[in-house]
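Trainee: I would like a close look at one part of this model. Please take me through strand pairing and surroundings in one go.

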Amino acid sequence: SHADISAGQGPSSGLDPSAVLDVANSKLVVVTTNAASLSRPTVFVAPLPAVAPVVASVISVTGAEGNSAYLPSVVYDPLNGKILVATTNVANFGKLSLFRCNRDGSSCSHSDASTTAGQGPNSGLDPSAVVD
């Protein structure tokens with residue numbers, strides 16, 4: 001079956017999707033590159049099971065610069081109850097960006113993970129997030 005979870009976002013709002021299940025809350029969390037929002041990250045949160053019509057929450061990450069959300073990789077951090085999203089930040093010379101959000105996709109913060117780790121340009125290409 002098919003369910004549209006785009007919640008009325010514009011064309012190209014769902015590029016490079018990365019998904020994680022929030023099993024405790026029966027939610028599907030999808031993070032995309034939203035070209036309709038200058039390629040900023042967008043968090044879509046949909047209830048499970050996702051049957052039409054789906055009423056999804058959409059969070060555009062405020063404070064994120066344009067072109068900061070290429071190739072998002074999302075994981076759930078159960079210890080801290082956070083969604084972590086690693087992206088390639090093209091606006092910052094291909095460095096790795098890390099977004100930390102609440103489980104519902106709200107209250108996201110951003111950090112330049114490459115600079116924090118002492119890495120230079122193009123050090124954040126094709127990220128893959130994991131919690132260990």
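Mentor: What follows looks at strand β5, then at strand β1. Keep in mind that this is a predicted model.

Start with β5, residues 70–77. Six of its eight residues are buried, so the rest of the structure largely encloses this strand. Its partner is β6, residues 82–89. The two strands run antiparallel, and six bridges join them. One facing pair is S73 and A86, the latter in β6. Together β5 and β6 make a hairpin, with four residues between them. Look at G81 in that turn: its phi is positive, about 65°.

Now turn to β1, residues 15–22. D22 belongs to this strand. D22 is buried, because its relative accessible area is 4% and the cut-off is under 20%. D22 forms a salt bridge with R103, and the closest N and O atoms are 2.8 Å apart. R103 sits in the loop between β7 (95–102) and β8 (109–112). The pair therefore links distant parts of the chain, 81 residues apart. R103 is partly exposed, at 27% relative accessible area. The structure holds one salt bridge, the one between R103 and D22.

L21 is also found in β1. Its relative accessible area is 49%, so L21 counts as partly exposed. L21, V23 and L48 make a nonpolar surface patch of about 280 Å². Patch members need over 30% relative accessible area, and L21 has 49%.

Conventions:
Residues are numbered from 1 along each chain as its sequence is written. This is a predicted model: local features need pLDDT of at least 70, side-chain atom pairs count only at pLDDT 80 or more; totals for chains, interfaces and linings use all residues. Side-chain values use heavy atoms; hydrogens and water are left out. A salt bridge is a side-chain nitrogen of Lys or Arg within 4 Å of a carboxyl oxygen of Asp or Glu. Buried means under 20% relative accessible area, exposed over 50%, partly exposed in between (1.4 Å probe, protein chains only). Two strands pair if DSSP finds at least two bridges between them. Patches are made of residues with over 30% relative accessible area and no salt bridge: like charges are joined within 9 Å, nonpolar side chains (Val, Leu, Ile, Met, Phe, Trp, Tyr) within 5 Å. Accessible areas come from the Shrake-Rupley method with a 1.4 Å probe; for residues, only the protein chains shown count as cover.
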